[in-house]
Amino acid sequence: MQHVLARVQRAFSAAFDTDPGSITINTVPGDIRAWDSMGHVTLASSLEQEFAVTFDVDELMEMENVREIVRIVQAKLARFDQAVACR
Amino acid sequence: MKRPAQWNFAASLVERLGHGSELLDAPSGERFAAAELSTAIADFAATFAAAGLRHGDRVLIGCNLRPLSSLAYLGAMFGGLVAVPVNENTLAGSGEALARKTRARAVWTERGIRPDWAARCGLSELEGRPPRAGCDNAAPAACSEHDLAALMATSGSSAAPRLVKVSHGNLIANTEAIIRSQRLGRDERALLILPVSYCFGASVLHTHLWQGGAVVFDSRFTFPDKVLRAIAHYGCTSFAGVPTAYQILLRRSNIRSIPLPSLRRFLQAGGALGVASIRQMRAIVPHAGFFVMYGQTEATARISCLPPERLADKAGSVGVPLDNVMVRIVGADGEDVPAGESGELCVAGKSISAGYLDEPEETRRRFRGGWLATGDIASRDADGYLWITGREGEFLKMCGIRVGFAEIEASVAAVPGVLECAALAVPHAEAGEALALFVVAAAEADDVIAAVRRGLPAKCICDSITRVAQLPRNAHGKLIRSQLPRLARHALPGDEIRARASESSRPAEEISRT
């Protein structure tokens, strides 16, 4: 969880030029001026690059705060690990 | 002849409010019903007067995507003040410069932002809801047709914004013409994701209230499905967006599965949306008309509109001028060019503003003898439809031939798999300038770069085509062309094509023949 959060913070820095420490599990779009509709697209690309995953539309809609982002990313990474283990 | 109060735009608007008039905040459900609207507008006027503001004084209004700031904006006009609507998010950063430029006497914000410069500039700070003034029929200020109603910041991507002097007469003329062009009825409800500090957002507020309709504000376009559901929930009939908003709806929302039964029209302005994207929107929501429009802050808001029934046979056109706007297409010699030929688009009429605040030179350059020189290069076909082909200064000069960015971008946007694109001129040893292209493509479009390269006009000397995740845009969705060079460093991994085009290595004589 901590590890994922640190990487999410890095994706925020790449997208919005924020100080990683300023992004907490409780951060919401209203806390970051650039996190608007276009910013959300930038953030999604940044997260996709950081974790080498792609998000579908429903996942983008659920990313209403950093806690949700961490949850969605963790679920994706877990599915990926499972798929690797099954091979 | 109108009575003086009738020239007061906000006062006329209040007179036209009906039972269906209301302002709503979609996320909270907060609602200003019909009776509350006129009271709140008059209360704002009374509050500004009580703070010592007098006829013609300027007041900065911190705008957000909730109803109250729109009421403060209309209240300032109602009281004969000059509203300076500004996005509240930018107040902290650029508010001081704006306060000094406008010599504003007060600043209003919904949540009492209390910018540290307000006291330094001697501004009264007002916040939140006005107290009830205690009289239900407060008289509006008497205004003449030419009295200033608002100072609107230009939304273009070029340099620093200018402030356009918009009069009460400008607002009335443009509002009435827009209503006719969009065939707005008396039962309309707009879903608004654009702030009133942007003339497109303001025009949607004006037209819908003027018709006795409603406006539903929604600040949640970061999660577009919420906005789509609000359209359905509140029974909205109009949705207004800039090209980026439609790109987000097409690529990042569930618009294909969320029903929008009440919607009658999509309104699109603020730049060119590719014909392919418009066709997709039409296919997904076939019962809603798609209105492509063109305008400028200098012309209050709207200049032309493409009737939806002509979308098929005039695809790519920005339509016909509004019925009270006159148009000329002028060549370099200042004379009108024949139909079908390109020149600068110039417009005249009662919605054309008086010019820029305290910028006499630029005002003289753009406003000549009652005509506004838009800076847009356009042609008019035999049927009177306008086609924007470029923007003054926005072109490449390759081997002496000028090619507009808009023309190149329209042709690239038509390549299957391309979602958005932007052109830039880069220096070129032989040709003078060459084309650098930035392309946003669908994830599954693997060979899109090759397809784009094949589809370029033969006269184009292409330096590079770079695939990027998104294009740099300002808060209104306008492309910031000056930031494109930085994108080359952030290209998507593996997709950047920097290989010099074979054309560019050929000798100049050969290039000039292509």
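R7(A) is found in helix α1 (residues 2-16) of chain A, where helices (H or I, at least four residues) and strands (E, at least two) are DSSP runs numbered from the N terminus. This is a predicted model, in which local features need pLDDT of at least 70 and side-chain atom pairs count only at pLDDT 80 or more, while totals for chains, interfaces and linings use all residues. Residues are numbered from 1 along each chain as its sequence is written, chains are lettered from A and ligands numbered from 1 in the order in which they are written, and side-chain values use heavy atoms, with hydrogens and water left out.

At 21% relative accessibility, R7(A) counts as partly exposed, given that buried means under 20% relative accessible area, exposed over 50% and partly exposed in between (1.4 Å probe, protein chains only). Not counting residues up to four places away in sequence, R7(A) touches E50(A) and F51(A), contact being defined by heavy atoms within 4.5 Å. The C-alpha atoms of R7(A) and L47(A) are separated by 8.5 Å, although the two residues are 40 apart along the chain.

**Interface of chains A and B**

Contact between the chains involves 18 residues of chain A and 21 residues of chain B. The area buried between them is about 1600 Å², of which carbon and sulfur atoms give 61%; buried area is the accessible area (1.4 Å probe) that two parts lose on being put together, summed over both. In chain A, M38(A), V41(A) and M61(A) lose the most area to chain B, together 37% of what that side buries.

Across this interface the rule finds 1 salt bridge, a term that stands for a side-chain nitrogen of Lys or Arg within 4 Å of a carboxyl oxygen of Asp or Glu. That bridge joins the side chains of K226(B) and E64(A). The elements giving two or more residues to the side of chain A that touches chain B are α2 (37-51) and α3 (57-62) of chain A, and α2(A) gives the most, with 8 residues.

On the other side of the interface, R252(B) is found in helix α10 (residues 243-252) of chain B. Leaving aside its neighbours within four places in sequence, R252(B) is in contact with residues including V41(A), A44(A), M61(A) and P224(B). R252(B) is buried yet has no salt bridge, and the nearest side chain of opposite charge, E48(A), is 4.8 Å away; for charge, Lys and Arg count as positive and Asp and Glu as negative, with His and the chain ends not counted. In α10(B), 9 of the 10 residues are buried, so this helix is largely enclosed by the rest of the structure.

**Salt bridges**

A search of the whole structure finds 39 salt bridges over all chains, and four of the pairs are set out below.

| Pair | Closest N to O distance |
|---|---|
| K226(B) and E64(A) | 2.7 Å |
| D187(B) and R264(B) | 3.0 Å |
| R264(B) and E188(B) | 3.1 Å |
| R366(B) and E298(B) | 3.9 Å |

R264(B) lies in the loop between α10 and β12 of chain B and E188(B) in the loop between α7 and β9 of chain B, so this pair ties together parts that are 76 residues apart in sequence. E188(B) is buried, with a relative accessible area of 2%, whereas R264(B) is partly exposed at 35% and D187(B) is partly exposed at 47%. In the remaining pair, R366(B) counts as buried at 6% relative accessibility, and E298(B) counts as buried at 8%.
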